[in-house]
Amino acid sequence: MSKILVTGATGHLGKAVTEFLLQKTDASNIRILVRDAEKAEDFKSKGVEIAIGDYNDNASLLQAFKGVDKLYLVSGTDLENRSAQQENVIKIAKEAGVNHIIYTSFQRKNESADSPIAMLAGSHLHTEKVLKASGLTYTILQHSLYADVIPMFAGEKLLENKTIYLPAGEGKTAFAARIDMAEAGAVVLLDETGKFDNKSIEFGGSEAVSWDQIAAIISKITGETITYVSPSVADFTSTLTQAGVPAEYISIFAGFGQGISEGEFDVTNGELESLLGRKLVMVEEYLSGVYGM
Ligand code: NAP
């Protein structure tokens, strides 16, 4: 059996991948890379091997990756530095003798520098390029937007102000629940047939919904009338700036809003559903768990 290493295992996605792996393989086949051992106590008690490391610290990565066959690389959260960080992870993985890297990338149509989400896209595209050129076996999982980000875009105070304010127009998104992405990641990691080798796979949901539809779904779940308002990017930016939201967040929200309006994440190709061999978590089902009583 291959030794698997999961990075980001103290975060939502990597933790869920590790939990799925534990259901399907012996804990002795799993190692996780964490920055803070305290956050990994639960996995340690289940027999998962803990390696302390940071994408910025080559010595820690080299030590952590020794003896690993397959590495699940969760894309980093440090947008400014993650291009270099992830290039580093790939380089050190190769040095350590890792055979196969599974990288969590993003779904898109527009790869140009004009993409409204260029601030996130560049580092994913760079990592995909470096990984493909590395000579290692790769699988690139191009994740759509998680259904889990809907409440964030809808706003923390949605049930007070009852309005979703986002410059996403009529665009539809094939949201998929992060938990489904995680289970699919575990399936890819445990595959011994090689059918995912050197492939890029787009993981979208099985339905694409607009923000008007999301407002209607949340209205149905909560019994409140939730309205969706799509301002221009300029109005969105000035309103949020006046409300004291940091510019960095505004540009990310505006970029995603614009990307959604341009149909950037409107891809329902059935790959995720067929890989899992079951129905996916639907947006309404996911949102019922968040907004339902
Ligand atoms: P998350 O909960 O924030 O987890 C990120 C994980 O990465 C954490 O375990 C964190 O460790 C680890 N990490 C960050 N920087 C690191 C470094 N320098 N060295 C080692 N580990 C590092 O994020 P998530 O929800 O699991 O999402 C996973 C990734 O998907 C994100 O990092 C982001 O790139 C991307 N994402 C995609 C979507 C989407 O809709 N498709 C939405 C959100 C995020 P600590 O616990 O020590 O902080």
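**How do you know? A chat about this model**

Reader: What makes the protein chain agree with a compact globule?

Author: This is a predicted model, and the check goes by chain length: with 293 residues, a compact globule would have a radius of gyration near 19 Å, and the protein chain has 20 Å, so the two agree. Along its principal axes, the C-alpha trace spans about 55 × 40 × 35 Å. The chain has 13 helices and 11 strands.

Reader: How do you know that the ligand sits in a pocket, and which one is it?

Author: The test is that more than half of the ligand's atoms lie within 2 Å of the pocket's grid points. The ligand passes for the largest pocket, so that's where it sits. Two elements, α1 (12–24) and α4 (82–96), each give two or more residues to the shell around the ligand.

Reader: Which residues of that shell are the closest?

Author: Thr10, His12, Leu13, Ser75 and Arg178 are the closest, out of 21 residues that surround the ligand. The shell splits into 6 nonpolar, 10 polar and 5 charged residues.

Reader: Why does the pair between His12 and the ligand count as a polar contact?

Author: The cut-off for a pair of N or O atoms is 3.5 Å. A polar side-chain atom of His12 lies 2.8 Å from an oxygen atom of the ligand, so the pair counts. Ser75 gets there with a backbone N or O atom, 2.5 Å from a ligand oxygen, so that pair counts too. For Gly76, a polar backbone atom is 3.1 Å from an oxygen atom of the ligand, so again it's a polar contact.

Reader: How much of the ligand does the protein bury?

Author: Taken alone, the ligand exposes 900 Å², and the protein buries 81% of that.

Note on methods. Residues numbered from 1 in each chain as written. Predicted model: local features only at pLDDT ≥ 70, side-chain atom pairs only at ≥ 80, totals over all residues. Heavy atoms only, no water. Near = heavy atom within 4 Å. Polar contact = N/O pair within 3.5 Å; in protein donor to acceptor, adjacent residues only side chain to side chain. Areas by Shrake-Rupley, 256 points an atom, 1.4 Å probe, with all protein chains shown as cover. 1 Å grid on protein atoms, 1.4 Å probe; cavity = no way out; pocket = protein on both sides within 12 Å on 5 of 7 lines; lining within 4 Å. Helix = DSSP H or I, 4+ residues; strand = E, 2+ residues; numbered from the N terminus. Nonpolar A, V, L, I, M, F, W, Y, C, P; charged D, E, K, R; others polar. Rg over C-alpha atoms; globule rule 2.2 N^0.38 Å.
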